Amino acid sequence: METEKDIQTTPAKDLPACPVETTLMLISDKWKVLILRDLLPGTKRFGELKKSIGHISQKVLTAQLRQMEESGLLTRTVFPEVPPHVEYTLTDLGYSLKPILDAMWDWGENYKAQNGK
């Protein structure tokens, strides 16, 4: 299975023929989708992301953010102050996933309504 880093360094001709598979390679982890969801409204600090996502460990969140940065979905800005802090912002590429997340939201709402939850 290819990793996020493989996608970034893979020439377009070597990516999967199926565009759906390419998209899934970038956002197939549930944490990545939740990170995207939480960054759509704007920039967040690490602690804000950890709190808004919920049951994610610091180690996993850090790994997911690094992979998303490597694939060009978000940027990481370090502010050299005491104490230092880091902010994460979606790139234009990351924001371009908004219609996909909106469709997932709508589908989830419809599913919940149909199943009485």
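Biologist: In which order do the three strands of the open sheet stand, and how does one read their pairing?

Modeller: Strands are DSSP runs of E with at least two residues, helices are runs of H or I with at least four, and both are numbered from the N terminus; two strands pair if DSSP finds at least two bridges between them. In this predicted model, where local features need pLDDT of at least 70, side-chain atom pairs count only at pLDDT 80 or more, and totals for chains, interfaces and linings use all residues, the order of the open sheet is β1-β3-β2, with antiparallel pairing. Because β1 (44-45) and β2 stand at the edges with a single partner strand each, one side of each is left without a neighbour in the sheet. Residues are numbered from 1 along each chain as its sequence is written, and side-chain values use heavy atoms, with hydrogens and water left out.

Biologist: Over how many bridges do β2 and β3 pair, and over how many do β1 and β3?

Modeller: Strand β2 (residues 74-79) and strand β3 (residues 85-90) are joined in the antiparallel sense over six bridges, and leucine 74 has leucine 90 of β3 as its bridge partner. These two strands form a hairpin, with five residues between them. The antiparallel pairing of β1 with β3 runs over two bridges, and here arginine 45 stands opposite glutamate 87 in β3.

Biologist: How does one look for a pocket, and which residues line the largest pocket?

Modeller: Rolling a probe the size of a water molecule over the atoms shows where empty space is left. A pocket is an open set of points on a 1 Å grid over the protein atoms alone, where a 1.4 Å probe fits, with protein on both sides within 12 Å along at least five of seven lines, and lining residues have an atom within 4 Å of a point. The largest pocket has a volume of about 280 Å³, a volume being the space filled by probe spheres set on the points, which are joined across faces, edges and corners. Its lining includes Val33, Leu34, Arg37, Trp105 and Lys112.

Biologist: Which helix gives the most to that lining?

Modeller: Helix α7 does, with seven residues, while α3 (30-39) and α7 (98-114) each supply at least two.

Biologist: How does one check the length of α7 against its number of residues?

Modeller: The expected span of a helix is 1.5 Å times one less than its number of residues. The 17 residues of α7 should therefore span 24 Å, and its end C-alpha atoms are 24 Å apart, which agrees. Just after α7, glycine 116 takes a positive phi of about 65°.
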